[in-house]
Amino acid sequence: MRRTSLYSRSQRPRPADAPAQAHGPSDTPKPASEPPNDAAQASAPLTRRARVGRFFGRHSTFLSLVLGVLIALGVVYGYGVLQPPPHALTQDDIDNAVLHTLDTKQIPSKYAKAYDAIRGSVVRVREDESEDGPESEIKEAGVGTGVVIVDKGIILTNLHVIADAKQVKVTFADGTESEAAVIATQPENDLAVLQAKTLPDDLQAATLRSTKDLALGDEVIAVGFPFGIGPSVTGGVVSGLRREYRSPEGKRLLTNLIQFDAAANPGNSGGPLVTMDGAVVGIVTGILNPNNQRVFIGIGFAVPIENAAAAVGLSPF
């Protein structure tokens, strides 16, 4: 006969080697963690977005400026990258540019430039004399040329231009007329110094240049009033230095002269001989006339400016 156990299978004694399970407060099974609260989980991202928004709000101007600078730099860089490299100039390019300029623009000649530099200093010198009679009148007895060397109205001319004058008058480049007094002479160089009484407001004195480096073949112009016509300009070259010349009257022998072939005629006497840089190197004093016809045959003479300046009593350099 089977005996029925008073214990259920679960209440059966455990083997001695099985550890007893203690049931205490610390061993109470912990409940599973609660699911996160949706409101709390959403609050953190919203807070970060708000902070970012506030940051951009506070610094929007600065950030816009930085963004604009970056965009501008990007545009400049992109333009530089996309642009083709510059074309290197060649000698042919330069020659073509020069030829184009010469074809399309009228460039003043060197003679014109030289005259433009001296024109304001050239004066017409008139020798007047009085006629005898009950109603004596002053008439023009001769015309020559002069050049202003000091802007106070000091003028150089030839002595033979005013030697017999009863009265000397000068006409400046702007049309101003004035009486002039002879304040010094230098007969050995056929020079006279005049002082004008009435002066233009913008009177220009000529630039004087030493003849020390003057050479045969240097280009020059002669400016004056040949036969009373002018001012007239003729061009040529220096054809000789340290020449001698005796006037047709045979009154005096002039030495150390500049010989030139720019056309000169009666009335050019006393006018300036000018280099291409517009500087006066001499005072035109005579022309060679073997046949005494008083016309230019290709040889003119000028007193070096050093001698002319000595007539004034000052050095021009």
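**Notes on a predicted model: strands β8 and β12, and a patch on helix α2**

1. Let's begin with strand β8 (residues 219-224), which is mostly covered, with five of its six residues buried. Keep in mind while you look around that this is a predicted model.

2. Who are the neighbours of β8? Strand β9 (residues 232-246) runs antiparallel to β8, and six bridges join the two. β8 is also joined to β11 by three bridges, again in the antiparallel sense. Ala 222 is a handy residue to click on here: it stands opposite Thr 234 in β9, and its bridge partner in β11 is Leu 273.

3. From β11 (residues 272-275) you can step across to β12, since these two pair in the antiparallel sense over three bridges. They form a hairpin with three residues between them. Have a look at Gly 278 in that turn, where phi is positive, at about 85°. Further along the pairing, Val 274 stands opposite Val 280 in β12.

4. Val 280 is worth a second look, as Leu 208 stands opposite Val 280 too. Leu 208 brings in strand β7 (residues 207-208), which pairs with β12 in the parallel sense over two bridges. Then there is strand β13 (residues 300-304), which runs antiparallel to β12 and is joined to it by five bridges. For a landmark in that pairing, find Ile 283, which stands opposite Val 303 in β13.

5. How many residues of strand β12 are buried? Nine of the nine in this strand (residues 279-287) are, so β12 is largely enclosed by the rest of the structure.

6. Thr 285 is a good residue for seeing this up close, as it lies in strand β12. Why does Thr 285 count as buried? Because its relative accessible area is 4%, and the cut-off for buried is under 20%. Its side chain makes a polar contact of 3.0 Å with the side chain of Asp 190. Leaving aside residues up to four places away in sequence, Thr 285 touches Asn 158, His 160, Asp 190, Leu 254, Ser 269, Phe 301, Ala 302 and Val 303. Val 303 is the residue we met above, opposite Ile 283.

7. Finally, a look at the surface. Phe 62, Leu 65, Val 66, Val 69, Leu 70 and Leu 73 make a nonpolar patch of about 580 Å² there. One of them, Val 69, lies in helix α2 (residues 60-82). Val 69 has a relative accessible area of 42%, so it is partly exposed, whereas Thr 285 in the strand is buried.

Key. Residues are numbered from 1 along each chain as its sequence is written. This is a predicted model: local features need pLDDT of at least 70, side-chain atom pairs count only at pLDDT 80 or more; totals for chains, interfaces and linings use all residues. Side-chain values use heavy atoms; hydrogens and water are left out. Patches are made of residues with over 30% relative accessible area and no salt bridge: like charges are joined within 9 Å, nonpolar side chains (Val, Leu, Ile, Met, Phe, Trp, Tyr) within 5 Å. Accessible areas come from the Shrake-Rupley method with a 1.4 Å probe; for residues, only the protein chains shown count as cover. A salt bridge is a side-chain nitrogen of Lys or Arg within 4 Å of a carboxyl oxygen of Asp or Glu. Helices (H or I, at least four residues) and strands (E, at least two) are DSSP runs, numbered from the N terminus. Buried means under 20% relative accessible area, exposed over 50%, partly exposed in between (1.4 Å probe, protein chains only). Two strands pair if DSSP finds at least two bridges between them. A polar contact is a pair of N or O atoms within 3.5 Å; within protein, one must be able to donate a hydrogen and the other to accept it, and residues adjacent in sequence count only if both atoms are side-chain atoms. Contact means heavy atoms within 4.5 Å.
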